[in-house]
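Hi,

Here is the structure I said I would pass on. Have a look at it first, and then read my notes underneath.

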Amino acid sequence: MSRRGRRVVTALAIGAAAYAGWRALRRAGSPDASKNGGRARSNGSGLPSGRVERTARLAKVSTRTAANLAVTKAKSVGKDEDQRAVLEEEFHLRTAEQVMGVMGEMKGALMKIGQMMSFIDTGLPEPYRMALASLQADAPPMAPELVAETLEAEFGAPPERLFDEWSPSPLAAASIGQVHAARLKTGEDVVVKVQYPGVADAIKSDLDNADMLATMMRAIYPNLEPGPVIDEMRERIGEELDYSAEIKNQLAFLDLYRGHPFIHIPEVYPEHSTRRVLTMERSGGHRWARAVEASPDLKQRWAEVVFRYVFGTINRWHMFNGDPHPGNYLFHDDGTVTFLDYGCIKHFTEEHMAKQRAMLHAEWDNDGATMRRHLVEFGFLKANDPTPPERLVEWWQTWDQPILSDEFEYTAEFAEAAAKANFDPTSEWYEIGKRFNLPKDFVFLTRINLGLNSIFAGLGARNCWRAIGKEWWEGAPPATELGRLDAEFFASVAR
């Protein structure tokens, strides 16, 4: 197991959980415990929502993990290397099952962290990677009776009266809500996302528990200042709790892409939606596990579609969907992709984007002085940072390789190297990284970039990404057939 993998395991299973539980339980014994959200709250769903109850569950699993680790070490005494490897594998299998089970049951912000880690970190042992991957599309569902109660509370009628057809078994269960198939009285096939009772309180408890989040992040990324990351998580994840805001976001993306030749955004039905219920068009398509088994040509096309959707939206309209995990993509046999989940949207100003483009050109030109100035202006570096400008350019280029050459193929090795160059103190860039900060505006953009590296690696994506990017950065002509279709579409709608 890599050093980074060991740190992540420690963060998930022992360090962060035990520390957070200890701190929360100490606060619970104080006179102000009930004032700061420490008292456990019942919501009728079985979902723990109070800070003490949630952190106590983490403390319990961390204690169990520590005990299992002690037993494993004791059993390893006197064993040869192969026998120790078998014992270690058994320990990881048990720990992965316990930790991911708790994260799935607790849902909320902790499950979202698990989803983020599942496709960014490539240094985890296989049991953890597989267990985390299970969080991408599914989590333990809530009982059908609770779903019906939520719908009745929102609309004044049970699902059987609201819809012409209703499936009580969920299609998918995630960190905030679960999705059911239904048919409207007017005949449209839809999916209905229903928020878990108590999940808003659960997420608030997690996001207010700065000690727990900071400890977990420092254990995974020791050089990262967690404050800006936690602030941005509070804003973006907090927004996801209001499905009426998500509807507005999705309608904004629909206005941009309705009728597009290869990018599909599901229609939404505001009259069948509320703050806790979201109804949208049902789309077919392959989930990630099947998509990676498709033909090479189809995977190449899907990869370019995702690239154009994400970076085209950022560069044209200065906004992006901040939740890029593969569970939010549906891949179709005709080469199109459906993009889901608009609860977490980030917007940039034109001034911000102009600075990003200037920094990109400085990188292309190996202009260390200009790059350094922009890094300081954005807040990545302090003004008195001693790193030589040419070294900064070399460092930045480690994860911008896809747009620095005429053709580039994404690989798992590149995805891991890019993540290490950003945060890992074992990398050759440690001296820069330990003085490097992640500004609030770049928290979810960094998540997008690192997450897409892994997604593109899974698809074996190979293309001239720089030429595609120049369509937006410099107004260059279309670099590919999809670029031609894209340009014709936007010319036809005269935006």
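What percentage of the 495 residues in the protein chain is buried? The answer is 55%. Keep in mind that this is a predicted model, so every value here is computed from predicted coordinates.

Some overall numbers to start. The chain folds into 21 helices and 12 strands. Its exposed area is about 20,700 Å², with carbon and sulfur atoms supplying 52% of that. If you take the contacts between residues at least 6 apart in sequence, 70% of them join residues at least 24 apart.

Now the cavities, which you may want to look at yourself. The count is 6 with a volume of 30 Å³ or more, and the largest of them comes to about 730 Å³. That largest cavity has 31 lining residues; F311, Q356, D400, I403 and N449 are the ones nearest its centre. By class, the lining breaks down into 22 nonpolar, 6 polar and 3 charged residues. Four helices each give at least two residues to it: α13 (296–317), α14 (350–364), α17 (412–423) and α19 (443–459). The largest share is from α19, with 7 residues.

I went through α14 in a bit more detail. With 15 residues at 1.5 Å each, α14 should span 21 Å, and its end C-alpha atoms are indeed 21 Å apart, so the two agree. (The expected span takes 1.5 Å times one less than the number of residues.) Its buried residues are H352, M353, M359, L360, A362, E363 and W364. They pack against α13, α15 (368–378), α16 (389–397) and α20 (465–473). Note that α13 also turns up in the lining of the largest cavity.

Two backbone spots are worth a click. After α14 comes N366, in the loop that leads to α15. N366 is not a glycine, yet its phi is positive, about 55°. The other spot is H318, also a residue other than glycine, with a positive phi near 60°. H318 sits in the loop between α13 and β7 (319–321).

Are these two buried or exposed? H318 has 12% relative accessibility, which is under the 20% cut-off, so H318 counts as buried. N366 has 53%, which is over the 50% cut-off, so N366 counts as exposed.

That's everything from my side. Shout if anything is unclear.

Cheers

Note on methods:
Residues numbered from 1 in each chain as written. Predicted model: local features only at pLDDT ≥ 70, side-chain atom pairs only at ≥ 80, totals over all residues. Heavy atoms only, no water. 1 Å grid on protein atoms, 1.4 Å probe; cavity = no way out; pocket = protein on both sides within 12 Å on 5 of 7 lines; lining within 4 Å. Points joined across faces, edges and corners; volume = space filled by probe spheres on them. Nonpolar A, V, L, I, M, F, W, Y, C, P; charged D, E, K, R; others polar. Buried < 20%, exposed > 50% of the residue type's maximum accessible area, 1.4 Å probe, protein only. Contact = heavy atoms within 4.5 Å. Areas by Shrake-Rupley, 256 points an atom, 1.4 Å probe, with all protein chains shown as cover.
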